[in-house]
Amino acid sequence: MSSTQMKLIILLMSIASIGLLGFQYYWVRNALRINEERFEQMVYQSMANTVAQLEKGETSDIFLSYLATDTLLQQSLFQRIEPIVVQVRQRPANPRRPSIRDSLLQQQIPQVSQRFRRLIEARGIDVSVLNDLDNFFTNLTPEVASSMFTPDEMEILLQERERQLQYLSQAEGSFRSRYGFFSPDIIEEYNIPRDALEKIRNANIKIELMNRAWEEMLEGQRDILSRVDTGVVRKLLQNNLKERGIVQDFDLGVLSDEGQIIPITQTDFPEKLLSEGVQARLFPGDILGKENFLMVHFPDKNAFILRQIWLPVLSSLFFIGIVIFCFVYAIKVIIRQKNLSDIKNDFINNMTHEFKTPIATVSLAVEALQDPDLMNQEAFRKRYISVIKDENKRLGSQVEKVLQAATLDKKEFKLKLEEINLEEILEGARRQFELQVENKGGEITFESELGYPLIRADAFHLSHIFNNLLDNANKYCKEKPVIRIKAWEEGEHAFISIQDNGIGMNKDAQRKIFDKFYRVPTGNLHDVKGFGLGLSYVKTMLEAHKGEISVQSEPGKGSIFTIKLPKNL
């Protein structure tokens, strides 16, 4: 896969992932908005029901307060007022002539009773109306009378009216007898039921009750706290919210018509009731009432809304996480495969160069041995045979390295653990490379601070580990190599450091140098031979010994490889 194709795939997968994330973000935000609107709607409904119940309860309290104090009202309130039936009967008159007896029986204008006079004076009415009672009773309509007099006083008025009507009837008969006017042939008789007065009194009681109730309901100008019980308000709202599935702590308060916030529940931030709370007007049915508002604020509203949609949101996030993980993993695989492809190409190039030189040398030596002029020269013949033998050994060594790498991958090796002297192993390695280093004008030293140099390890593999590190320190030094070997111990572990003044490496190379076939890039130059298997072998063998290796390096300043080995494996 080319670099352009890989970049295109990564770009398309990135666009798809970003689009998916954007869509999920839009969906979650829209779900939160819908649930928030639904929550506020349920709160509005709960507050409206609470206000309605408060208003209804206040009207009921007015009627019940009157019922509790008036026993007569309790008896008559729920009784039906029956209509007053007045029976009118007409009968023929028996005319007779006037006689002296009629004149003798004629009565004077009756005087008003003392009870009636005291009643008129108590109501502040001018007593001069007593001179014209007929006009007084004519203007006194039932509506006016019920508003001025009690039911007992109405009974006194009716008795006085009957006396007045009786006097007028007698006076009219006497007048007609004296002046020749006789009674008509037909006389109408009115029969009024005995319970008519009781019915009128019950009607007046109910009218008075309604008047008082209206007066109470028109008293909306009173202070709001005198009209509501804060405990009842909180309980009503809590029940209404619970019916709609909202079981959440809330702050409750009242906003008076003067703009003052009156908290009902304990709250640390009363101003949030006004800025973030939901409001509903109290007693909206008042005709002349003040504008007071009930306010409620939910401190944990967002948490409640999130709980309503946590399952789909978490599911969405979970699947998005899976998609992103697969995307990242796929990108890493693509990049790893690209790197492996590059490493493979480098390995093939290096192997070609490593094999090409000995093959070419062997070919030249064979051709020289086949030359008839040189066949009889024993010195030249032995020399070319030696060259062929060395190059053949070199080829075998290179092949052995490749096979060894395959063996390390499959873990098909077994350590031969024994007690060895670490100082002797390091000193032997130093001597092996001393001549090569000195030929380049450099030096190699070994410093030991080991108190007890014996450890359990595989001597063969441990020697190869040090040889690989020293070989790299020598090969990657462009000038006179200076190599320092140091050994010390800390507790149950032995430490070995190998420091050089070579070309060094950057941070990226330090992370990859222990990978199989990896070599620090040098462009098209192949001045340093190898397959990139040495450090991979070192790390694998150290892990088999339960050891560790680390590197510190800077470009142009050399490298320090530090090995940590347990003394008792």
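# Sheets, spans and a nonpolar patch

In this predicted model, 5 strands make up an open sheet with mixed pairing, in the order S8-S10-S11-S13-S12.

Me: Happy to start there: which strands are the edge strands of that 5-strand sheet?
Reply: An edge strand of this sheet pairs on one side only. In the order S8-S10-S11-S13-S12, that description fits strand S8 (443–448) and strand S12 (548–553).

Me: And what is the average twist from one strand to the next there?
Reply: The sheet is open, with mixed pairing. From one strand to the next, the twist averages 15 degrees.

Me: Let's look inside that sheet. Which residue of S13 is the bridge partner of His-493?
Reply: Strand S11 (residues 493–499) pairs with strand S13 (residues 559–566) in the antiparallel sense, over 7 bridges. In S13, the residue bridged to His-493 is Pro-566.

Me: Now to the open sheet of 4 strands: what is its strand order?
Reply: The pairing in this sheet is antiparallel. Strand S4 (261–263) and strand S5 (278–282) are its edge strands, each pairing on one side only. Neighbouring strands are turned by 30 degrees against each other on average, direction ignored. The order is S4-S3-S6-S5.

Me: Is strand S3 of that sheet largely enclosed or open to the outside, and why?
Reply: Buried means under 20% relative accessible area. On one side of S3, Asp-251, Gly-253 and Leu-255 are buried, and on the other Leu-252 and Val-254 are buried too. Because 5 of the 5 residues of strand S3 (residues 251–255) are buried, the rest of the structure leaves this strand largely enclosed.

Me: Leu-255 catches my eye. Which residue in S4 is its bridge partner?
Reply: S3 and S6 pair in the antiparallel sense over 5 bridges, and in S6 Leu-255 stands opposite Phe-293. S3 is also joined to S4 by 3 bridges, again antiparallel. There, the bridge partner of Leu-255 is Ile-261.

Me: Which residue in the hairpin of S3 and S4 takes a positive phi?
Reply: This hairpin has 5 residues between the strands. The positive phi is near 85 degrees, and the residue that takes it is Gly-259.

Me: At S5, which residue in S6 does Ala-280 stand opposite?
Reply: S5 runs antiparallel to strand S6 (residues 292–297), and 5 bridges join them. Opposite Ala-280 in S6 stands Leu-294.

Me: Turning to the record, how far apart are the end C-alpha atoms of residues 309–331?
Reply: An unreviewed UniProt entry lists residues 6–28 and 309–331 under "transmembrane region". Residues 6–28 are 100% helix and 0% strand, with end C-alpha atoms 33 Å apart. Residues 309–331 are 96% helix and 0% strand, and their end C-alpha atoms lie apart by 33 Å.

Me: Is Ile-15 buried or exposed, and why?
Reply: Ile-15 sits in helix H1 (residues 3–69). With Leu-8, Leu-11 and Leu-12, Ile-15 forms a nonpolar surface patch of about 390 Å² of accessible area together. The cut-off for exposed is over 50% relative accessible area. Because its relative accessibility is 52%, Ile-15 counts as exposed.

Me: One last stop, Ser-113: what separation do its C-alpha atom and that of Arg-163 have?
Reply: Ser-113 is in the loop between helix H3 (100–104) and helix H4 (114–122). At 27% relative accessibility, Ser-113 counts as partly exposed. Arg-163 is 50 residues apart from Ser-113 along the chain, and the two C-alpha atoms are separated by 9.8 Å.

Conventions. Residues are numbered from 1 along each chain as its sequence is written. This is a predicted model: local features need pLDDT of at least 70, side-chain atom pairs count only at pLDDT 80 or more; totals for chains, interfaces and linings use all residues. Side-chain values use heavy atoms; hydrogens and water are left out. UniProt positions are given in the numbering used here, feature names are shortened, and annotations may be inferred rather than shown by experiment. Helices (H or I, at least four residues) and strands (E, at least two) are DSSP runs, numbered from the N terminus. Patches are made of residues with over 30% relative accessible area and no salt bridge: like charges are joined within 9 Å, nonpolar side chains (Val, Leu, Ile, Met, Phe, Trp, Tyr) within 5 Å. Accessible areas come from the Shrake-Rupley method with a 1.4 Å probe; for residues, only the protein chains shown count as cover. A salt bridge is a side-chain nitrogen of Lys or Arg within 4 Å of a carboxyl oxygen of Asp or Glu. Buried means under 20% relative accessible area, exposed over 50%, partly exposed in between (1.4 Å probe, protein chains only). Two strands pair if DSSP finds at least two bridges between them. Axes are lines fitted to C-alpha atoms, for helices over the stretch in contact, and angles run from 0 to 180 degrees between N-to-C directions.
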